[in-house]
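Work through the exercises below with the model open. Each task is followed by a stepwise solution.

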Amino acid sequence: MSGIWIAVLATAAGCYLLKLAGLTVPERLLGNPRVKRFAELVPVALLAALVAVQATSKGSALVLDPARLAGLAAAVLALLLRAPFLVVIVAAAGTAAALRLLGIA
Amino acid sequence: MRDGILLGLAVGVSGLAFGAAAVGAGLSAWQACALSLLAYTGASQFALAGAIAGGGSLLAGTAGAIMLGSRNALYSLRLADLLQVHGLRRFATAQGVTDESAAIALAQPDHAAARTGFRATFASLYLTWNAATLIGAVGAGRLGSPQSFGLDVIGPAAFLALIWPRLQAGRTERAVAAGGAAIALAATPLLPAGAPVILAAFAALAGALARRPSSDGRSA
């Protein structure tokens, strides 16, 4: 079995067990307000980190790809205009694709 | 119940973006579909695909994806009391816990309505998300070079859209996001790919300890 399959199945198992844990563990275990606040903030920190890393790096090197950054800027603009999720995605991918097609970036 | 079905359809279509991003990242269409069927939690799925695309360590990518699923444990903690499911049903209910089904269930006036809303959202979103993943994965595979279609931007754009409402929620959220991004960028040249993102969790830890936790328990 390839490494990617193992990662896929381990992620699936981990995510399922987390969902099941809340339904089965006593509330006080995860009920501590600071623990709760931490779990609320974890996705914010991790997703912001992912945005930053994926927008500006390739492996361990920091790389500024104008098309990718322009695509992300289009996503920000769409979010500021309160566009729905799919519109945000299409605006981002479309901007990057158009710039590459035109050879501008 | 109608709200749940509509929400499931609307959000589930985003599975197209996941399927396309996953195949662009180097997963097979089968692997993309397995993630949607089994992991069934958007942010974690995008995170794993992103880690694989970046060529990072699979172990770090998996750990990051699972950490992103931790909020589902908090939703199900709230839902345990609200839905009152017991015995074997818990195992099926657990898989349905997502941002969307929790939001719908929490908005209902009583146990019965919460159960109905939860099940309607689960059914609608699960079917739509998985069908859309398949279509996105197969479609993207036929397009050719993922970069020329801007598929490499889908991941970051999706993450940004996912945290956007949280960034509006308060100053702590924005500080944690900025801190997480800064930690990850500073660590990128020093550590194997994937690890910097996990380090960003320290920004969440700092945020949780710095301020007195809010008591209203908002978690959407």
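**Exercise 1. A surface patch**

In which helix of chain B is Leu6(B) found? Classify its exposure and name the patch it belongs to.

Solution. The model is a predicted one.
- Step 1: locate the residue. Leu6(B) sits in helix α1 of chain B, which covers residues 2-12.
- Step 2: read the accessibility. Leu6(B) has a relative accessibility of 49%. Exposed requires over 50%, and buried requires under 20%. Leu6(B) therefore counts as partly exposed.
- Step 3: find the patch. Met1(B), Ile5(B), Leu6(B) and Leu9(B) make up a nonpolar surface patch. Together they offer about 380 Å² of accessible area.

**Exercise 2. Domains and the core**

Give the domain bounds of chain B. Then describe the largest nonpolar core and where its residues come from.

Solution.
- Step 1: split the chain. Domain 1 of chain B spans 2-145, and domain 2 spans 168-220. Their C-alpha centres are 23 Å apart.
- Step 2: size the core. The largest nonpolar core holds 84 residues. Phe18(B), Leu27(B), Phe46(B), Leu79(B) and Ile154(B) have the most contacts inside it.
- Step 3: trace the contributors. Helix α3 of chain A (residues 33-56) gives the largest share of this core, twelve residues. Domain 1 and domain 2 of chain B each supply at least three residues to this core.
- Step 4: inspect one hub. Beyond four places in sequence, Leu79(B) contacts Leu23(A) in the other chain. In chain B, its partners are Gln84(B), Val97(B), Ala102(B), Ala105(B) and Phe118(B).

**Exercise 3. Two polar residues in helices**

Are Thr62(B) and Ser76(B) buried or exposed? List their contacts beyond four places in sequence.

Solution.
- Step 1: take Thr62(B). Thr62(B) lies in helix α5 of chain B, residues 58-68. Its relative accessible area is 9%, so Thr62(B) is buried.
- Step 2: list its partners. Beyond four places in sequence, Thr62(B) is in contact with Ala7(A), Ala10(A), Thr11(A) and Leu48(B).
- Step 3: take Ser76(B). Helix α6 of chain B, residues 70-83, contains Ser76(B). Its relative accessibility is 0%, so Ser76(B) is buried.
- Step 4: list its partners. Outside the same four-place window, Ser76(B) touches Leu18(A), Lys19(A), Gly22(A), Leu23(A) and Val97(B).
- Step 5: check a distance. Ser76(B) and Met1(B) are 75 residues apart in sequence. Their C-alpha atoms are 19 Å apart in space.

**Exercise 4. Positive phi**

What are the phi values of Arg82(A) and Tyr40(B)? Place both residues and state their exposure.

Solution.
- Step 1: read the angles. Phi of Arg82(A) is near 60 degrees. Phi of Tyr40(B) is about 45 degrees. Arg82(A) has a positive phi without being a glycine, and so does Tyr40(B).
- Step 2: place them. Arg82(A) is in the loop between α4 (66-80) and α5 (85-101) of chain A. Tyr40(B) is in the loop between α3 (29-39) and α4 (42-53) of chain B.
- Step 3: classify them. Arg82(A) has 77% relative accessible area, so Arg82(A) is exposed. Tyr40(B) has 2%, so Tyr40(B) is buried.

**Exercise 5. Salt bridges**

How many salt bridges does a search of the whole structure find? Identify the pair that crosses between chains, and the residues joined into one network.

Solution.
- Step 1: count. The search finds three salt bridges over all chains.
- Step 2: examine the pair between chains. Arg37(A) and Glu173(B) form a salt bridge with an N to O distance of 3.3 Å. The pair runs from helix α3 of chain A to helix α11 (residues 171-187) of chain B.
- Step 3: check burial. Arg37(A), at 7% relative accessibility, counts as buried. Glu173(B) is buried too, at 2%.
- Step 4: turn to chain A. Arg68(A) meets Asp65(A) at 3.9 Å, N to O. The cut-off is 4 Å, so the contact qualifies. Asp65(A) also pairs with Arg100(A), at 2.9 Å.
- Step 5: interpret the second pair. Asp65(A) is in the loop between β2 (61-62) and α4 of chain A, and Arg100(A) is in helix α5, so the pair ties together parts 35 residues apart in sequence.
- Step 6: assemble. Shared partners join Asp65(A), Arg68(A) and Arg100(A) into one network of salt bridges. Asp65(A) is buried at 15% relative accessible area, and Arg100(A) is buried at 17%.

How values were computed: Residues are numbered from 1 along each chain as its sequence is written. Chains are lettered from A and ligands numbered from 1 in the order in which they are written. This is a predicted model: local features need pLDDT of at least 70, side-chain atom pairs count only at pLDDT 80 or more; totals for chains, interfaces and linings use all residues. Side-chain values use heavy atoms; hydrogens and water are left out. Patches are made of residues with over 30% relative accessible area and no salt bridge: like charges are joined within 9 Å, nonpolar side chains (Val, Leu, Ile, Met, Phe, Trp, Tyr) within 5 Å. Accessible areas come from the Shrake-Rupley method with a 1.4 Å probe; for residues, only the protein chains shown count as cover. A salt bridge is a side-chain nitrogen of Lys or Arg within 4 Å of a carboxyl oxygen of Asp or Glu. Helices (H or I, at least four residues) and strands (E, at least two) are DSSP runs, numbered from the N terminus. Buried means under 20% relative accessible area, exposed over 50%, partly exposed in between (1.4 Å probe, protein chains only). Domain bounds come from an automatic or database domain assignment. A nonpolar core is a set of buried Ala, Val, Leu, Ile, Met, Phe, Trp, Tyr and Cys residues joined through side-chain atoms within 4.5 Å. Contact means heavy atoms within 4.5 Å.
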